[in-house]
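Welcome, and please load the model in your viewer. We will go from one selection to the next and look at what is there.

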Amino acid sequence: MYGLARVRKGDKTIGYIEKGSWDWGGTKSEPADVFAEQVPNDPVLTLISKAGTISPTFNLIQLNYEAFHDMVGGTLVGTEGKYTGWKAPTETVLINDKWEIDLLSGQTVTIHNGTILANLGGKLTVSEVSKLECQLKINAPSDGSAPYEINDTVES
């Protein structure tokens, strides 16, 4: 698997992702070794006490007012299609949605229940851009299905 082609939150494609910023993150499975008196040096069984996870991080660099609203919440200023500003949320906002990550290698990673955590970051210089620094937390779907899956991309 390689190459980021498109990232969708719900039915909407989010903007440009900073080159080299996508990282699957997460944690490895947590083992619990079981030892026996008769075998002093090595475990006789390894149990998995916690499954491995992914928790992608990335930087969104195509910043427009709708991107701020979609990723952080808050309020858009102006009329649809002609927004002139954005106001940060005044209360804690929880943004959950389905996410799809299309890869150049022909697969799509589907995250059925993801919570986005995002904040304004980067630098204000003429050689760098501001960005939304994002982390996607993977939550268990309410129907008990797999938290994410990888399949061949279906063209739409």
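Which residues are linked in a network of salt bridges? Select Arg6, Arg8, Lys98, Glu100 and Asp102, and you have that network on screen. A salt bridge here is a side-chain nitrogen of Lys or Arg within 4 Å of a carboxyl oxygen of Asp or Glu.

Before we go further, a word on the source: this is a predicted model, in which local features need pLDDT of at least 70 and side-chain atom pairs count only at pLDDT 80 or more, while totals for chains, interfaces and linings use all residues. Residues are numbered from 1 along each chain as its sequence is written, and side-chain values use heavy atoms, with hydrogens and water left out.

**Stop 1: the salt-bridge network**

Start with Asp102 and Arg6, which form a salt bridge whose closest N and O atoms are 3.0 Å apart. Asp102 lies in strand 8 and Arg6 in strand 1, so this pair ties together parts that are 96 residues apart in sequence. Strands (E, at least two residues) and helices (H or I, at least four) are DSSP runs, numbered from the N terminus.

Is Asp102 buried or exposed? Asp102 is buried, because its relative accessible area is 6%. Arg6 has a relative accessible area of 32%, so Arg6 is partly exposed. The cut-offs are under 20% relative accessible area for buried, over 50% for exposed, and partly exposed in between, with a 1.4 Å probe and protein chains only.

Now select Glu100 and Arg8, another salt bridge, with the closest N and O atoms 3.0 Å apart. This pair links distant parts of the chain, with Glu100 in strand 8 and Arg8 in strand 1, 92 residues apart. Both Glu100 and Arg8 are buried.

Keep Arg8 selected and add Asp102: their side chains meet in a salt bridge at 3.3 Å, N to O. Here the two residues, Asp102 in strand 8 and Arg8 in strand 1, are 94 residues apart. Across the model, the count of salt bridges comes to seven.

**Stop 2: the strands behind the network**

Show the backbone of strand 1 (residues 4–9) and strand 8: they run antiparallel and are joined by five bridges. Two strands count as paired if DSSP finds at least two bridges between them. To find your place, look for Lys9, whose bridge partner in strand 8 is Trp99.

Next, bring in strand 9 (residues 107–122), which runs antiparallel to strand 8 (residues 95–103) and is joined to strand 8 by seven bridges. Glu100, which we met in the network, stands opposite Thr110 in strand 9. Further along, Asp97 has Gly114 as its bridge partner in strand 9.

At the hairpin of strand 8 and strand 9, three residues lie between the strands, and Gly106 takes a positive phi near 100°. Select Leu104 in the loop between these strands. Leu104 is exposed, because its relative accessible area is 57%. Leaving aside neighbours within four places in sequence, Leu104 is in contact (heavy atoms within 4.5 Å) with Tyr2, Gly3, Leu4 and Ala5.

**Stop 3: the other partners of strand 9**

Strand 9 also pairs with strand 10 (residues 130–138), antiparallel, over nine bridges. Use Leu117 as a landmark, which stands opposite Gln135 in strand 10. With strand 11 (residues 148–152), strand 9 pairs in the antiparallel sense over five bridges. There, Val109 stands opposite Ile150.

**Stop 4: a lysine in strand 10**

Select Lys131, which lies in strand 10. With a relative accessible area of 9%, Lys131 is buried. What joins the side chains of Lys131 and Glu18? A polar contact of 3.0 Å does; the term covers a pair of N or O atoms within 3.5 Å, where within protein one must be able to donate a hydrogen and the other to accept it, and residues adjacent in sequence count only if both atoms are side-chain atoms. Not counting residues up to four places away in sequence, Lys131 touches several others, including Asn59, Leu60, Ile61 and Asn119.

**Stop 5: one more loop**

Finish at Val39, found in the loop between strand 3 (30–34) and strand 4 (45–50). Val39 is partly exposed, with a relative accessible area of 34%.
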